[in-house]
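Reader: Hey, got a minute to walk me through this one?

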Amino acid sequence: MKLRPYAALFVAAVLFGTTFVVIKSAVESLDPLAFVGWRFAIAAAALLALGWPRGRQVWTDGSMAGLALFAGFAFQTAGLVTTTASKSALITGLYVVVTPLLAGAWARHAPRVASFGGTLFAFVGLWFLTAGGTDGGIVVGDVLTVGAALAFAAHIVILAHTATRHRLVPFTGIQMLTVSVLALAGSALFEGFPLPTASDVPALAMTGLAVSGGAFLLQIWAQARVGPTQTAVMLTLEPVAAAATGAIVLGERLTSRGWWGAGMILASIYVVIFATPDEVASAEAISATP
């Protein structure tokens with residue numbers, strides 16, 4: 001019965017989307033790198049307890065993928081200091097349209113016309129969403145979040161060439177550990193290594209366990225039953241959930257031009273998903289999730 005996998009994907013997308021609001025609030029009290037580091041320390045501990053990696057190759061591949069993942073989450077979390085949760089989710093979604101271009105560059109073949117057209121359409125939408133679609137115009141956080149989308153796309157391409165060699169839980173655990181170590185090292189260098197307070201624990205627990213652990217496992221279980229393209233389509237509910245949660249919880253609003261930009265980005269994601277299923281299939285969609 002297909003209803004349960006789609007229900008699982010719906011829950012995962014909502015969890016992923018609401019996380020943007022949680023992080024937006026959390027970075028007001030805990031510095032971005034520290035938040036990323038402690039959050040992924042929790043996720044790494046949980047996953048590595050379930051399955052310990054064995055062999056040099058899994059550590060090499062997992063660390064390489066973790067480096068790209070660290071860049072994505074570091075840029076995304078730092079961006080949330082100045083941009084809104086809804087804009088962050090929509091801009092992060094650009095990883096879907098960038099991935100086929102990077103995959104083509106890796107394989108040294110020209111991108112498909114639909115991929116290239118979808119990317120251009122998405123970046124026009126990005127302009128409407130940022131420069132033309134909000135009262136404050138482009139902010140530093142918007143630029144940082146574009147960097148996050150590029151890093152997540154790179155992570156997807158790396159996964160496409162490494163993930164099938166290894167068991168899922170240990171391989172993912174190494175990535176979580178790599179992100180945590182790099183983020184905490186960066187926090188020690190640039191932020192003074194702040195420790196989380198009691199008020200930070202709920203956000204760290206939710207993002208570290210419920211999202212990086214629970215929602216991801218829901219997604220992987222469902223994807224094995226409905227396929228990658230349907231999974232990617234369902235997960236486009238993520239920015240919708242983020243925008244709705246941002247409006248309800250934080251009072252965030254887009255202007256009319258901002259909504260046009262958001263619609264263009266979502267439309268471009270659908271175009272690329274259906275036009276380039278092979279490239280999107282390699283994602284496992286973990287990279288876009290905060």
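Author: Sure, we can go through a helix packing, the salt bridges and a surface patch; keep in mind that this is a predicted model.

Reader: Helices first. At what angle do α4 and α7 pack, and how far apart are their axes?

Author: Helix α4, residues 85–92, packs against helix α7, residues 140–162, at about 35°. Their axes are 8 Å apart.

Reader: Left-handed or right-handed crossing?

Author: The crossing of α4 and α7 is right-handed.

Reader: And which residues meet there?

Author: From α4 you have K87, S88, I91 and T92. They meet D142, T145, V146, A149 and F152 of α7. By type, the contact residues of α4 with α7 split into four nonpolar, three polar and two charged.

Reader: OK, switching to charges. How many salt bridges are there?

Author: The count is two. In one of them, R165 pairs with D61, with the closest N and O atoms 2.8 Å apart.

Reader: What does that R165 and D61 pair tie together?

Author: R165 is in the loop between α7 and α8, while D61 is in helix α3, so the pair links parts 104 residues apart in sequence.

Reader: Last thing, the nonpolar surface patch: which residues make it?

Author: F10, V11, V14 and L237 make a patch of about 290 Å². Helix α1 (residues 3–26) gives the most, with three residues. L237 sits in helix α11, residues 237–250.

Notes. Residues are numbered from 1 along each chain as its sequence is written. This is a predicted model: local features need pLDDT of at least 70, side-chain atom pairs count only at pLDDT 80 or more; totals for chains, interfaces and linings use all residues. Side-chain values use heavy atoms; hydrogens and water are left out. Axes are lines fitted to C-alpha atoms, for helices over the stretch in contact, and angles run from 0 to 180 degrees between N-to-C directions. Helices (H or I, at least four residues) and strands (E, at least two) are DSSP runs, numbered from the N terminus. A crossing is left-handed if the near helix is turned anticlockwise from the far one by less than a right angle, and right-handed if clockwise. Contact means heavy atoms within 4.5 Å. Ala, Val, Leu, Ile, Met, Phe, Trp, Tyr, Cys and Pro count as nonpolar, Asp, Glu, Lys and Arg as charged, and the others, Gly among them, as polar. Patches are made of residues with over 30% relative accessible area and no salt bridge: like charges are joined within 9 Å, nonpolar side chains (Val, Leu, Ile, Met, Phe, Trp, Tyr) within 5 Å. Accessible areas come from the Shrake-Rupley method with a 1.4 Å probe; for residues, only the protein chains shown count as cover. A salt bridge is a side-chain nitrogen of Lys or Arg within 4 Å of a carboxyl oxygen of Asp or Glu.
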